[in-house]
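Hi,

Here is the model I promised to pass along. Have a look at it first, and my notes follow below.

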Amino acid sequence: MTNYDYWRPAVAAILLAVLYPLYWILEFTAGGNFPPGDFAEYMRWSPIDWLFLVVGGLAVYMYLSLRRILSEQLNYSGVDIPILILVAVTIVFFFGLSISQWAFLLIVPDSMSSYEDIVMTIGATVLVGAVILSGVAEILMGCLLLRDGSSMPPLVRIFAIITLIMGIFDLTVIFSFVSLFIFPVSMLVLATYFLSKPEMIEVV
């Protein structure tokens, strides 16, 4: 078994547990409404947009680290597909929207208000699509981990249950806001697993 130090992924998971809900709280409470009345001002790059990118980067790193630790410590690759789906969705949502915002600011810096409906429609479509795809991947991941739960450490089984519940809420879209409270818990469980001593396999 590879002796790999997972303290960095643990720190990433802990940061996600804090920054993920913080971002959405700031996003939906900035100025008292969402989106703000001044669309042009809303579209300009701000510190909260950097936070958005940081959350996306941490999420990608955390998912890939989860895939790695399951492979190295448990020789398990049963959830590679849902993990890669989550990585792809995260990249498209967090980095795709940020790049689109930059491009929009460069192309039409003086006439942003006239494109408000188009931009908001695209943003809403990407958001709903990302939530649904994430829900499907989370349900799949939770089910697969629970199916193979007999060979999983208790923390992984707990993570699987939380992920399954989160996926069900995400899939409804309407109740996906509940994930705002569930996701930090799953990250703290994952951080604990990253920091836990790997189980030793006895070879006879």
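Before the notes, one definition: by contact I mean heavy atoms within 4.5 Å. Helices (H or I, at least four residues) and strands (E, at least two) are DSSP runs, numbered from the N terminus.

This is a predicted model, in which local features need pLDDT of at least 70 and side-chain atom pairs count only at pLDDT 80 or more, while totals for chains, interfaces and linings use all residues. Residues are numbered from 1 along each chain as its sequence is written, and side-chain values use heavy atoms, with hydrogens and water left out.

**The overall picture**

The protein has seven helices and zero strands, so to speak a plain α-α-α-α-α-α-α pattern when read along the sequence. Of its 204 residues, 42% count as buried (buried is under 20% relative accessible area, exposed over 50%, and partly exposed in between, with a 1.4 Å probe and protein chains only). Among contacts with a separation of 6 or more, 77% are between residues 24 or more positions apart. The protein exposes about 11,100 Å², and carbon and sulfur atoms supply 70% of that area; accessible areas come from the Shrake-Rupley method with a 1.4 Å probe, and for residues only the protein chains shown count as cover.

**How the helices pack**

For the angles below, axes are lines fitted to C-alpha atoms, for helices over the stretch in contact, and angles run from 0 to 180 degrees between N-to-C directions. Angles under 35 degrees count as roughly parallel, over 145 as roughly antiparallel, 65 to 115 as roughly perpendicular and the rest as oblique.

Helix H1 (residues 7-29) packs with H7 at an angle of about 170°, their axes 7 Å apart, and the two are therefore roughly antiparallel. On the H1 side, the residues that meet H7 are Trp 7, Pro 9, Ala 10, Ala 13, Ile 14, Leu 16, Ala 17, Tyr 20, Pro 21 and Trp 24. Their partners in H7 are Leu 180, Phe 183, Pro 184, Met 187, Leu 188, Ala 191, Phe 194 and Leu 195. By class, the contact of H1 with H7 has 18 nonpolar, no polar and no charged residues. Here Ala, Val, Leu, Ile, Met, Phe, Trp, Tyr, Cys and Pro count as nonpolar, Asp, Glu, Lys and Arg as charged, and the others, Gly among them, as polar.

Helix H7 (residues 179-195) also meets helix H3 (residues 47-74), with axes that come within 12 Å and cross at roughly 40°. H3 and H7 are therefore oblique to each other, and the crossing is left-handed (the near helix is turned anticlockwise from the far one by less than a right angle; clockwise would be right-handed). From H3 the contact includes Met 62, Tyr 63, Leu 66 and Ile 69, and from H7 it includes Phe 183, Met 187 and Tyr 193. That contact divides into eleven nonpolar, two polar and no charged residues.

The axes of helix H4 (residues 80-107) and helix H5 (residues 116-147) come within 8 Å and cross at roughly 165°. The pair is therefore roughly antiparallel, again with a left-handed crossing. Among the residues in this contact are Ile 85, Val 89 and Phe 93 of H4, and Val 126, Leu 133, Ser 134 and Glu 138 of H5. The classes here are 17 nonpolar, one polar and one charged.

**Residues worth clicking on**

Two neighbours in H7 make a nice pair to look at. Ser 186 lies in helix H7 and is buried, with a relative accessible area of 0%. Leaving aside neighbours within four places in sequence, Ser 186 is in contact with Phe 159, Ile 162 and Met 166. Val 185 is in H7 as well, but is partly exposed at 42% relative accessible area. Its C-alpha atom is 7.0 Å from that of Ala 17, although the two residues are 168 apart along the chain.

Phe 52, in helix H3, counts as buried at 7% relative accessibility. Not counting residues up to four places away in sequence, Phe 52 touches Tyr 23, Phe 93, Phe 94, Leu 97 and Ser 98. The C-alpha atoms of Phe 52 and Trp 24, 28 residues apart along the chain, are separated by 9.1 Å.

Which backbone angles might you check? Most residues other than glycine have a negative phi. Asn 75, in the loop between H3 and H4, has a positive phi near 50°, and this residue is exposed at 72% relative accessible area. Val 173 has a positive phi of about 65°; this residue sits in the loop between helix H6 (154-172) and H7 and counts as partly exposed at 29% relative accessibility.

Best wishes
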